[in-house]
Amino acid sequence: LHDLQAVGGKVPLLPRRNLGVWFTRWYDYDAADVRRLVGEFERRALPLDVLVLDMNWHTKDAWTGYSFDKTLFPDPAEALGWLR
């Protein structure tokens, strides 16, 4: 490893969130489901470093990559703000 470091340099450590607990599931979660899910992690004292909502938060008929399904997330900014 010493020789590899001499040639390629030091490799930086990954951010802590990359090494922690990730939760993801392809499911039509709505804002209330997300709160319940995070609450369940908290209730059980389980770490949750990254929460991935997969693709189902998008609109289904006119997907643009950043269009929230308003039936699932009527106020996306509020939901994302709460998650932070």
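Tutor: A residue counts as buried when its relative accessible area is under 20%. The model discussed here is predicted.

Student: Is Phe73 buried or exposed?

Tutor: The relative accessibility of Phe73 is 4%. The cut-off for a buried residue is under 20%. Phe73 therefore counts as buried.

Student: Which residue forms an edge-to-face aromatic pair with Phe73?

Tutor: The ring centres of this pair lie 5.8 Å apart, with 70 degrees between the planes. Planes over 60 degrees apart count as edge-to-face. The partner has a relative accessible area of 18% and is buried. The residue that pairs with Phe73 is Phe68.

Student: Which residue is linked by ring pairs into a cluster with Phe68 and Phe73?

Tutor: In the whole structure, 4 aromatic pairs are found. Ring pairs join Phe68 and Phe73 in a cluster with Trp57.

Student: The charged end of Arg25 sits over the ring of which residue?

Tutor: The charged end of Arg25 is 4.7 Å from the centre of that ring. The ring also pairs edge-to-face with Tyr29, at 4.8 Å between centres and 65 degrees between planes. Tyr29 is buried at 9% relative accessibility, whereas the residue asked for is partly exposed at 38%. The ring beneath Arg25 belongs to Tyr27.

Student: How are helix H3 and helix H4 oriented, roughly parallel or roughly antiparallel?

Tutor: Helix H3 (residues 31-43) packs with helix H4 (residues 76-83) at about 5 degrees, the axes being 10 Å apart. Angles under 35 degrees count as roughly parallel. H3 and H4 are therefore roughly parallel.

Technical notes: Residues are numbered from 1 along each chain as its sequence is written. This is a predicted model: local features need pLDDT of at least 70, side-chain atom pairs count only at pLDDT 80 or more; totals for chains, interfaces and linings use all residues. Side-chain values use heavy atoms; hydrogens and water are left out. Axes are lines fitted to C-alpha atoms, for helices over the stretch in contact, and angles run from 0 to 180 degrees between N-to-C directions. Helices (H or I, at least four residues) and strands (E, at least two) are DSSP runs, numbered from the N terminus. Angles under 35 degrees count as roughly parallel, over 145 as roughly antiparallel, 65 to 115 as roughly perpendicular and the rest as oblique. Rings of Phe, Tyr and Trp (its six-membered ring) pair if their centres lie within 6.5 Å; planes under 30 degrees apart count as stacked, over 60 as edge-to-face and the rest as tilted. Buried means under 20% relative accessible area, exposed over 50%, partly exposed in between (1.4 Å probe, protein chains only). A charge sits over a ring if NZ of Lys or CZ of Arg is within 6 Å of the ring centre and within 35 degrees of the ring normal.
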